[in-house]
Amino acid sequence: MIRAKKSLGQNFLIDKNILEKITNTTSIQDKIILEIGPGTGNLTSFILQKNPKKMIVIEKDNELANNLEKKFENHIKVIKEDILKIDEANLFKEKVTVFGNLPYNISTEILSKWIINLKNNFWFDCLVLMFQKEVANRIVAEYNTSDYGRLTIISNWKLNIKKICDIGREAFSPRPKIESSLLLFYPKKNFIKINDPNNLEKITRIFFNQRRKMLKKPFNQLFNGDQRVLDKLNIDLKLRPQNINLDTYYKLAYEYEKLRS
Ligand code: SAH
């Protein structure tokens with residue numbers, strides 16, 4: 001019997017309908033699949049039933065990783081590592097499809113890391129990831145809502161995002177304290193060019209630092225009150241940060257880079 005380690009956020013999925021649903025979000029047959037945080041291999045089994053070309057899993061817990069090697073033998077390749085230390089872009093020669101039911105704090109960190117590190121070529125064709133429900137709602141939020149913010153803007157820059165479903169606590173063992181949601185991400189064909197993604201981080205950080213205040217102060221701080229930028233992007237400084245749509249933020253980052261180059 002395996003005891004779940006709290007420090008590694010171990011809540012294993014046990015609901016077969018949910019496991020089936022996760023594997024139906026995108027096609028698996030003949031694809032290279034990367035599963036992160038496979039745990040006891042419940043999702044792994046469901047994925048393997050759909051005949052991927054190859055399956056690689058990354059698991060930080062050595063005990064679980066050793067068990068997976070025994071359980072699945074040569075049907076999977078087990079990498080015993082911390083996903084946060086992996087350089088994914090250089091790990092694969094072909095595009096991979098990623099599945100992950102990771103600890104919630106890591107899901108957000110890894111998503112930000114992948115977006116910031118993305119070069120011109122995407123190393124994945126889609127990501128199917130589990131998040132804490134509130135965080136998922138922030139990722140897919142519409143502008144003019146209170147969920148809309150930095151995470152929404154950064155996540156949606158290069159990726160299309162779809163919420164697949166909410167997942168209740170009872171689908172896991174042990175039961176987590178919070179509800180979850182499953183999100184599907186896939187690359188955008190066109191997105192506004194920003195040379196250094198850290199500029200997008202900086203702009204959203206400064207704009208959302210005081211989300212109830214008008215845009216005037218953060219705008220002046222970053223753009224020195226540049227009227228041309230305001231006219232070009234049609235921005236009303238009396239609005240609040242949540243009233244500015246996604247594209248306008250990406251264009252602001254673009255203009256910010258232009259002013260400094
Ligand atoms: N996907 C499985 C397990 C979910 S629990 C299921 O749905 O049943 C989260 C898993 O992520 C655990 O197996 C945990 O050991 C692993 N994990 C936690 N932090 C990790 C990290 N930084 N890198 C890789 N795996 C990690």
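What is the accessible surface of the protein chain, and what percentage of that surface belongs to carbon and sulfur atoms? The accessible surface comes to about 14000 Å², of which 45% belongs to carbon and sulfur atoms; areas were obtained by the Shrake-Rupley method with a 1.4 Å probe, and for residues only the protein chains shown count as cover. The structure is a predicted model, in which local features need pLDDT of at least 70 and side-chain atom pairs count only at pLDDT 80 or more, whereas totals for chains, interfaces and linings use all residues. Residues are numbered from 1 along each chain as its sequence is written, and side-chain values use heavy atoms, with hydrogens and water left out.

The secondary structure of the protein chain comprises 10 helices and 9 strands, assigned as DSSP runs numbered from the N terminus (helices: H or I, at least four residues; strands: E, at least two). The chain has a radius of gyration of 20 Å, which agrees with the value near 18 Å for a compact globule of 261 residues; the radius is taken over C-alpha atoms, and the globule rule is 2.2 Å times the number of residues to the power 0.38. Along the principal axes, the C-alpha trace spans about 65 × 40 × 30 Å. Of the 261 residues, 48% are buried (buried, under 20% relative accessible area; exposed, over 50%; partly exposed, in between; 1.4 Å probe, protein chains only). Among contacts (heavy atoms within 4.5 Å) between residues at least 6 apart in sequence, 66% join residues at least 24 apart.

A search of the whole structure yields 13 aromatic pairs. Rings of Phe, Tyr and Trp (its six-membered ring) pair if their centres lie within 6.5 Å; planes under 30 degrees apart count as stacked, over 60 as edge-to-face and the rest as tilted. The rings of phenylalanine 92 and tryptophan 123 are stacked, because their centres lie 6.2 Å apart and their planes meet at 15 degrees. Phenylalanine 92 lies in the loop between strand 4 (77–79) and strand 5 (96–100), and tryptophan 123 in the loop between helix 4 (104–117) and strand 6 (124–132), so this pair ties together parts 31 residues apart in sequence. Both phenylalanine 92 and tryptophan 123 are buried. The pair of tryptophan 157 and phenylalanine 191 is edge-to-face, because the ring centres are 6.2 Å apart and the planes are at 75 degrees. Tryptophan 157 is buried at 3% relative accessibility, whereas phenylalanine 191 is partly exposed at 30%. Ring pairs link Phe92, Trp114, Phe122, Trp123, Phe124, Trp157 and Phe191 into a cluster. Lysine 158 lies over the face of tryptophan 157, at 4.7 Å from the ring centre (criterion: NZ of Lys or CZ of Arg within 6 Å of the ring centre and within 35 degrees of the ring normal).

In helix 8 (residues 216–223), Pro218, Phe219, Leu222 and Phe223 are buried. These buried residues line one face of the helix, because they fall within an arc of 105 degrees when seen down the axis; the arc is that of the directions from the helix axis to the C-beta atoms. Lys217 and Gln221 are exposed on the other side of helix 8. The buried residues of helix 8 pack against helix 7, helix 9 (227–233) and helix 10 (246–260). Just after helix 8, asparagine 224 adopts a positive phi of about 55 degrees.
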